[in-house]
Structure formats: structure tokens, C-alpha cells
Amino acid sequence: MSYPDFRLDNKIAVVTGASMGIGYGLAKALANAGARVAVAARTIEKLATLVTEIEAEGGTAKAFALDLRSIEGIRATFDAIADHFGRIDILVNNAGLGDNHRAEDVTEADWDEMMAVNLKGAFFAAQAAGRIMLRQGAGRIVNMSSQAGSVGIRDHAVYCATKGGMDQFTRVLALEWGHRGVNVNAVAPTFIYTPGTADRLDQPAYLKSVLDRLPIGRVGTIDDVAGAVIYLASPASGMVNGEVLMVDGGWTAQ
């Protein structure tokens with residue numbers, strides 16, 4: 001009898017937006033699962049501590065500069081990663097913005113900036129990695145979406161629009177690439193406690209407003225998200241394609 005394989009030994013995993021928050025934790029989790037990790041962010045200097053920590057724990061990591069606002073830059077970065085490691089097996093498409101804007105206050109600049117990174121940039125990162133994976137005949141893409149792609153969140157009209165778009169291009173890529181060996185899925189977390197969300201979630205009134213919508217009774221952790229990402233990146237999820245996996249404690253079940 002065979003058993004599900006969740007290990008990522010010697011797989012080459014790319015994590016975008018890895019300099020802080022969820023991306024930082026996901027890179028370490030993938031390395032702990034056996035992957036060799038290319039960590040990417042707009043400012044490469046911010047990745048030095050992450051690379052040092054992964055290497056100190058016995059893993060392998062290398063930092064790359066990546067600005068999702070530049071399509072040419074995206075392609076150059078992914079080509080550089082493939083040249084360095086010899087292949088790309090996994091993309092965790094995590095980089096993104098998450099500013100709050102009341103709908104009546106959204107400016108054209110607000111809209112364009114978030115769309116440029118969260119939707120346009122994320123798509124072209126998936127495309128760049130996907131082209132390499134298609135040549136290999138194998139690969140896994142995990143897009144980092146949000147529960148906000150499926151339900152409305154107050155003060156997040158633009159963010160919700162970007163994540164809804166991401167969910168849709170995830171499904172289309174799965175249809176086009178699944179039979180060619182590349183599985184494409186998304187993970188959709190609820191509110192996750194990170195250094196970037198602590199300023200809001202540490203406010204009792206704001207935290208209560210979140211917990212009132214979470215049947216599980218707590219906000220998420222980076223480990224909660226990492227478990228879903230590793231599953232979708234691993235051989236254990238071989239039949240999973242075109243799915244948006246909610247890691248939302250039941251938020252969208254109501």
C-alpha cells in the first residue's frame with residue numbers, strides 16, 4: 001500500500017514576496033519540507049536574514065530581486081532562477097499589496113497600483129514560471145489568493161477585485177496546463193496574524209469584529225497557511241487542479 005507523500009526533497013521552489021510576513025514563513029516551511037528555495041522580493045537586501053536562517057537550519061536558499069510591476073523583470077528573474085538551479089518545480093505566487101480603501105475614496109492610482117502587482121504581476125509571474133515548467137513537463141503553481149476573492153470585505157473593493165481575478169486565472173491555467181503536467185491551484189486564507197497585520201489585530205475592537213465572523217474562534221497563523229501550500233506543492237495533491245483551497249476557519253461557509 002502506498003501513502004501520500006508530502007515531502008519536497010530537492011524540489012526547486014520559488015517564493016515571491018518572501019521578505020516579510022506570510023512569504024517569509026512559507027519560504028522557511030518549504031525549506032523544512034526539503035525544497036531548495038529561491039526567495040524573491042522587490043528589494044533583495046531584505047532577503048539576507050531569511051537566507052541566513054534557512055541555511056542555519058540546514059536548508060538551501062538564494063535571493064533574487066523581483067519587481068512584479070515590470071514584465072520584462074519578471075521574465076528575467078525567473079530565467080535567472082532556472083539558470084541557477086537548473087529547473088523550477090514549484091512557484092508560490094505570494095507577492096501582493098493589501099491596503100485598505102473605502103470605496104468612495106479609491107483613487108485611480110490606488111486601483112492601478114494594486115492591480116499592477118496583485119493581478120497583472122501575479123499572472124505574469126505564473127506565466128514565466130509556467131513556461132519553464134511546461135518545457136520540463138511538470139510543475140506546481142500555488143497562487144496566494146484570499147477569502148476576499150470569494151466574499152466581500154469592507155474597505156477592500158480593489159483588493160477583493162484582484163483576488164477574484166486571481167481565482168479565475170488560476171482556474172484557466174489549470175485547464176490549459178493540467179494535461180501538460182503543471183497543476184495550478186490557489187490558497188485563500190482568512191485574516192492571518194503577522195507583523196504586518198498585528199497593528200490591526202492587536203486592537204480589541206477590530207479583533208472582535210474579525211472573530212465574530214470566524215467559526216473556528218481564532219485568527220490564522222502562518223503555519224496554517226504553510227500546511228495548505230506544502231500539500232498543494234507536494235506529490236500528495238497530484239489530482240488537485242484548478243482549486244481554491246480556503247484556509248479561512250469557516251468564514252466563507254456562512
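Colleague: What makes Phe191 buried or exposed in this model?

Modeller: Phe191 has a relative accessible area of 15%, and buried means under 20%, exposed over 50% and partly exposed in between, with a 1.4 Å probe and protein chains only, so Phe191 is called buried. This is a predicted model, in which local features need pLDDT of at least 70 and side-chain atom pairs count only at pLDDT 80 or more, while totals for chains, interfaces and linings use all residues. Residues are numbered from 1 along each chain as its sequence is written, and side-chain values use heavy atoms, with hydrogens and water left out.

Colleague: Why does Tyr206 count as buried, partly exposed or exposed?

Modeller: The relative accessibility of Tyr206 is 22%, which falls between the limits of 20% and 50%, so Tyr206 counts as partly exposed.

Colleague: What kind of pair do the rings of Phe191 and Tyr206 make, and how do you know that?

Modeller: Rings of Phe, Tyr and Trp (its six-membered ring) pair if their centres lie within 6.5 Å, and planes under 30 degrees apart count as stacked, over 60 as edge-to-face and the rest as tilted. The centres of Phe191 and Tyr206 are 6.3 Å apart and their planes stand at 80°, so this pair is edge-to-face. Phe191 lies in the loop between strand 6 (182-189) and helix 6 (198-201) and Tyr206 in helix 7, so the pair ties together parts 15 residues apart in sequence; helices (H or I, at least four residues) and strands (E, at least two) are DSSP runs, numbered from the N terminus.

Colleague: Why is the pair of Phe191 and Trp251 called stacked, edge-to-face or tilted?

Modeller: Here the ring centres of Phe191 and Trp251 are 5.6 Å apart and the planes are at 40°, so the pair is tilted. Trp251 lies in the segment after strand 7 (244-247), so this pair joins parts that are 60 residues apart in sequence, and Trp251, like Phe191, is buried.

Colleague: What makes the link between the side chains of Arg218 and Asp224 a polar contact?

Modeller: A polar contact is a pair of N or O atoms within 3.5 Å; within protein, one must be able to donate a hydrogen and the other to accept it, and residues adjacent in sequence count only if both atoms are side-chain atoms. The side chains of Arg218 and Asp224 are joined at 2.9 Å, so this distance lies within the limit of 3.5 Å. Arg218 itself lies in the loop between helix 7 (204-211) and helix 8 (222-233).
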